[in-house]
Amino acid sequence: MKHAVALPLALWVWVIFHGSVLCQRPAVVNLGAVFTFDSVIGRPAKVAMEAAVSDVNSDPRILNGTKLNLITGDAKCNVFIGSIATFQVLERQVLAIVGPQSSSIAHMISQIANGLQVPQISYAATDPTLSALQFPFFLRTTHSDSYQMAAMADLIDFYGWKEVIVIFVDDDYGRNGIAALDDELDKRGSKISYKLSLPTEFNVTDFTEMLNKSKLIGPRVYVVHFNPDPSFRIFTVAQKLQMMTHGYVWFATDWLCATLDSFSPMNQTSLRFLQGVVGLRQHIPQSRKKDAFVSQWRKMQKKGLVNSGLNTYGLYAYDTVWALAYSIDEFLKKQGKVSFSSSDRLLDIRATQLEKLEIFDSGDLLLRQLLQINFTGLTGQIQFDSERNLINASYEVINIVQTTIRGVGYWSNYSGLSVLPPEDVKSEQKRDSFQDQKLGNVTWPGGITEKPRGWEIAADERPLRIGIPRRASFVEFVTELNTSHKIQGYCIDVFNEALKLVPYNVPHTFIPYGDGRSNPNYGELVQMVANDKFWWQMFDGVVGDVAIVTNRTRIVDFTQPYAATGLVVVAPVHNTKLSAWVFLKPFTVEMWCVTAAAFVMIAVVIWILEHRVNDDFRGPPKRQLITMFLFSFSTLFKTNQEDTRSTLGRIVMVVWLFLLMVITSSYTASLTSILTVQQLSSPIAGIDSLIASDLPIGYQVGSFAFSYLRDSLYIRQSRLVSLGSPEAYETALRKGPSGGGVAAIVDELPYVELFLEKRKDFGIFGQTFTKSGWGFAFQKDSPLAADLSTAILRLSETGTLQEIHRKWFCEMGCPGWRQHKSEPNQLHMISFWGLYLLCGSITSFALLVFLLRTIRQFARYKRKQMEASPSVSSNTRCSQVIYNFFDFIDEKEEAIKKMFKQHENPQPQVN
């Protein structure tokens with residue numbers, strides 16, 4: 001019975017003892033730290049990490065008795081040496097690697113950390129590409145440069161600058177950071193116009209030459225993204241080149257503040273040459289913990305225990321150790337032990353010491369604990385986002401004024417630019433005038449507070465290269481004189497006058513383009529403005545008679561048009577007023593026939609209405625016929641001697657005279673137009689009929705008309721004939737298609753007006769079928785294009801443009817636009833049928849009233865006659881009645897009335 005009880009009890013004791021052994025925490029855990037000891041970032045980081053390890057080990061609330069042991073390796077700013085140092089640290093079975101501060105070394109260590117499943121957490125590697133899924137074991141307790149470059153782009157956009165020049169170190173940190181800046185600027189409509197890449201240890205002489213060449217580019221806004229440099233070599237060279245003066249803008253990423261903060265206060269008195277530089281510093285909110293640590297740091301400085309100032313990276317290094325401590329504490333609570341295992345792939349490599357490296361078995365678990373931490377450290381809230389970066393990225397915008405560093409605002413990824421700290425903006429509900437300001441006042445290089453323009457169009461060392469077409473024809477617009485090589489013309493005068501209104505100096509030189517024997521190709525000329533491969537093979541702008549067309553606007557920027565233009569059709573004309581039958585052209589045949597019929601109708605109706613009451617319309621048949629038609633046609637000239645006496649006749653005459661007034665007025669206007677306007681001598685009526693025909697078409701050499709006719713209107717190239725001068729125009733048009741010439745010429749309106757000024761045998765047919773203008777072309781996003789556009793508008797408003805036009809083209813009268821129509825202005829019946837219908841209806845109505853009244857009188861007359869003479873037979877034949885009716889109509893109205901009175905009052909018979 002005793003044995004039965006003792007056996008389970010012993011088993012229970014063995015299990016408890018064995019479990020306690022397995023779950024026992026290690027006494028010491030190793031942390032690796034690889035960084036460059038003797039560097040701007042490394043010096044304060046080393047002290048801060050040692051202080052953090054000491055604070056963790058002395059805090060009984062964390063790790064429950066387990067101590068941290070920091071094992072460091074010096075990377076010496078070298079990827080190869082940093083890799084060796086990393087291997088040496090990893091041989092000590094470290095749970096995590098802290099560092100490095102170099103992004104280039106971080107790329108290499110991340111590959112090693114991936115292979116050994118050791119979490120790597122950096123406090124200073126800011127390369128955005130380290131957040132890629134390629135490096136799952138990489139975290140950082142600082143902010144990625146993707147945020148810093150967004151802040152820099154917002155700064156540049158806030159001041160309205162569109163082009164910048166960047167100076168950067170040519171490594172992973174520099175290249176990837178500038179790539180992020182390029183993307184951010186593109187989102188805001190700005191761009192990097194020039195990149196100056198430098199090796200880490202660059203030659204000052206070579207850099208001086210590179211920086212001096214950048215003065216010839218144009219932008220005066222520089223962004224410096226470099227490794228911390230205590231000697232400030234870039235700014236020293238810039239000062240020697242007089243580039244830290246008025247007109248220049250210098251931005252620096254957080255490397256500058258990291259360097260300045262690492263200086264002792266006495267060393268900062270020599271920073272006068274940084275006057276006006278604007279930089280970014282990672283923002284750390286104020287807190288008691290931070291103030292206490294900074295106070296302790298200053299005490300150590302005074303005691304000589306620390307030989308460097310405290311920068312933000314030192315604070316991030318301190319928080320990094322605490323982040324690992326919290327994560328390891330949670331890891332040990334769940335896992336209980338730390339274990340490493342050998343890798344078969346490493347054991348196979350026996351020629352090196354790599355077989356000593358072991359894989360951290362629970363590295364992925366510790367990584368998950370790191371990603372879940374959330375605590376408040378010296379730098380604020382420590383918590384990682386989905387890309388393993390710290391949340392709530394924010395920066396302070398600083399401005400160096402003399403020897404002081406002055407804060408002018410803040411930037412955060414959730415509030416943008418503001419004069420309030422991000423933590424206040426986030427909690428501030430009340431909006432006031434300070435937030436509307438966004439940034440405080442900045443003192444720029446040269447000590448000025450007014451915002452610099454940020455660019456120079458040209459310098460005396462390299463004036464603008466302005467291309468001008470060396471025309472062989474229509475030289476009034478622009479050309480170079482062969483004898484004196486003087487550049488002159490209408491376009492040159494407009495440019496010079498506009499340049500006077502630009503509020504800054506624009507050194508420039510005109511460079512003729514073309515051989516002078518034929519007009520140059522304007523498309524190629526514009527392309528040389530867009531070509532930026534070799535500056536000595538391009539133009540900064542083109543001044544001349546350059547048409548603003550769609551394909552050109554895609555590659556260059558044009559100014560406001562200073563002259564309206566468009567394509568028109570020119571063809572020969574002749575005068576039709578020499579024709580003997582021109583007076584018949586105002587009316588169509590149908591119109592003439594209807595008008596003649598109307599005259600006949602009016603003659604007959606008026607005779608019928610007036611014959612019984614008007615002696616002028618009575619008499620022998622021949623006389624009545626002549627009177628009838630003379631009266632009708634004389635109404636056209638209002639000279640008829642006969643008067644109308646009947647009421648119905650007068651009503652008809654009123655309507656007829658109104659119709660005659662309209663018809664004669666229209667006829668006169670149409671005939672005047674026909675006699676004064678020249679008519680076509682060809683079947684061409686405009687561009688549509690020209691396209692439909694198969695006739696040859698002329699165009700000016702070098703003009704965009706060729707590509708427009710071929711590519712837009714799809715006219716066969718075989719039909720297009722190039723012509724180089726006004727004389728060639730005239731010859732080709734006079735020869736015509738049958739003589740080897742052309743049927744018409746398509747050219748821009750200003751050239752055509754000048755061509756027609758002294759040539760009256762040609763004219764413009766149809767309307768302008770393209771609407772465009774002439775402008776000056778400059779490279780894309782050139783600020784000079786916008787300023788010249790404003791100047792051109794002012795020239796137009798003040799009348800200066802018109803004065804320049806009169807100077808060049810109006811000495812013998814300004815050329816006009818002689819447009820010709822393909823058909824005479826004939827009047828058609830469709831335009832007057834309503835008037836004729838009205839006249840015909842009233843005339844017919846008057847005739848009907850007359851007939852009804854006459855029939856009534858005739859019936860009454862016959863009844864009275866039968867009553868007076870009963871012997872008269874009532875069975876008279878119909879023909880006899882009609883004959884009697886016409887005899888009755890032929891009688892005068894007075895005779896009829898007298899007959900009625902005689903029948904009503906018969907005379908008594910005498911016996």
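Modeller: A residue is called buried here if its relative accessible area is under 20%. The model in front of us is predicted, and by that cut-off buried residues make up 50% of the 911 residues in the chain.

Biologist: What makes both faces of strand 27 count as covered?

Modeller: In a regular strand the side chains alternate between the two faces of the sheet. In strand 27 (residues 697-700), Ile 697 and Tyr 699 are on one side and Gly 698 and Gln 700 are on the other, and all of them are buried, which leaves both faces covered. Strand 27 is joined by four bridges to strand 28 (residues 720-723), and the two run parallel. In that pairing, Gln 700 has Leu 723 of strand 28 as its bridge partner.

Biologist: How do you know that strand 1 and strand 2 pair?

Modeller: Pairing requires at least two bridges, and eight bridges join strand 1 (residues 28-35) to strand 2, running parallel. One position to look at is Asn 30, which stands opposite Asn 69 in strand 2. Both strands belong to an open sheet of five strands with parallel pairing, in the order 2-1-3-4-5.

Biologist: Which are the edge strands of that sheet, and what makes them edges?

Modeller: Strand 2 (67-74) and strand 5 (138-140) are the edge strands, since each pairs on one side only. From one strand to the next, the twist averages 25 degrees. Helix 11 (residues 312-335) lies across strand 1, strand 2, strand 3 (94-98) and strand 4 (120-122), and runs at about 155 degrees to strand 3. Angles over 145 degrees count as roughly antiparallel, and therefore helix 11 is roughly antiparallel to strand 3.

Biologist: Why is the pairing in the sheet of eight strands called mixed or parallel?

Modeller: Strands of a sheet pair through backbone hydrogen bonds, either parallel or antiparallel. The open sheet with the order 7-6-8-9-10-15-16-17 has mixed pairing. Within it, strand 15 (residues 394-401) and strand 16 (residues 404-412) pair in the antiparallel sense over eight bridges, with Glu 396 standing opposite Tyr 410 in strand 16. The edges are strand 7 (191-198) and strand 17 (416-418), each of which pairs on one side only.

Biologist: Which strands does helix 8 touch as it packs on the sheet, and what angle does its direction make with that of strand 9?

Modeller: Helix 8 touches strand 6 (163-169), strand 7, strand 8 (221-225) and strand 9 (249-252), and its direction makes about 175 degrees with that of strand 9. With over 145 degrees as the cut-off, the two directions are therefore roughly antiparallel.

Biologist: How do you know whether the rings of Phe 235 and Trp 255 are stacked?

Modeller: The structure holds 42 aromatic pairs. In the case of Phe 235 and Trp 255 the ring centres are 6.2 Å apart and the planes stand at 20 degrees. Centres must lie within 6.5 Å for a pair, and planes under 30 degrees apart count as stacked, so this pair is stacked. Phe 235 lies in helix 8 (residues 233-240) and Trp 255 in helix 9 (residues 255-261), so the pair ties together parts that are 20 residues apart in sequence. Phe 235, at 0% relative accessibility, is buried, and Trp 255, with a relative accessible area of 3%, is buried as well.

Biologist: What makes helix 4 and helix 6 roughly perpendicular to each other?

Modeller: The axes of helix 4 (residues 103-116) and helix 6 (residues 172-187) cross at roughly 100 degrees and come within 7 Å. Angles of 65 to 115 degrees count as roughly perpendicular, and helix 4 and helix 6 are therefore roughly perpendicular. Ser 103, Ser 104 and His 107 of helix 4 make the contact with Asp 172, Tyr 173 and Asn 176 of helix 6.

Biologist: Why is Arg 552 counted as buried or exposed?

Modeller: Arg 552, in helix 18 (residues 550-553), has 7% relative accessibility, and with the cut-off at under 20% it counts as buried. Beyond residues up to four places away in sequence, Arg 552 touches Tyr 522, Gly 523, Val 526, Val 546, Ala 547, Phe 558 and Phe 704. Its C-alpha atom is separated by 9.0 Å from that of Ala 777, 225 residues apart along the chain.

Conventions. Residues numbered from 1 in each chain as written. Predicted model: local features only at pLDDT ≥ 70, side-chain atom pairs only at ≥ 80, totals over all residues. Heavy atoms only, no water. Axes fitted to C-alpha atoms, helices over the stretch in contact; angles between N-to-C directions. Contact = heavy atoms within 4.5 Å. Phe/Tyr/Trp six-rings, centres within 6.5 Å; stacked < 30°, edge-to-face > 60°. Buried < 20%, exposed > 50% of the residue type's maximum accessible area, 1.4 Å probe, protein only. Parallel < 35°, antiparallel > 145°, perpendicular 65-115°, else oblique.
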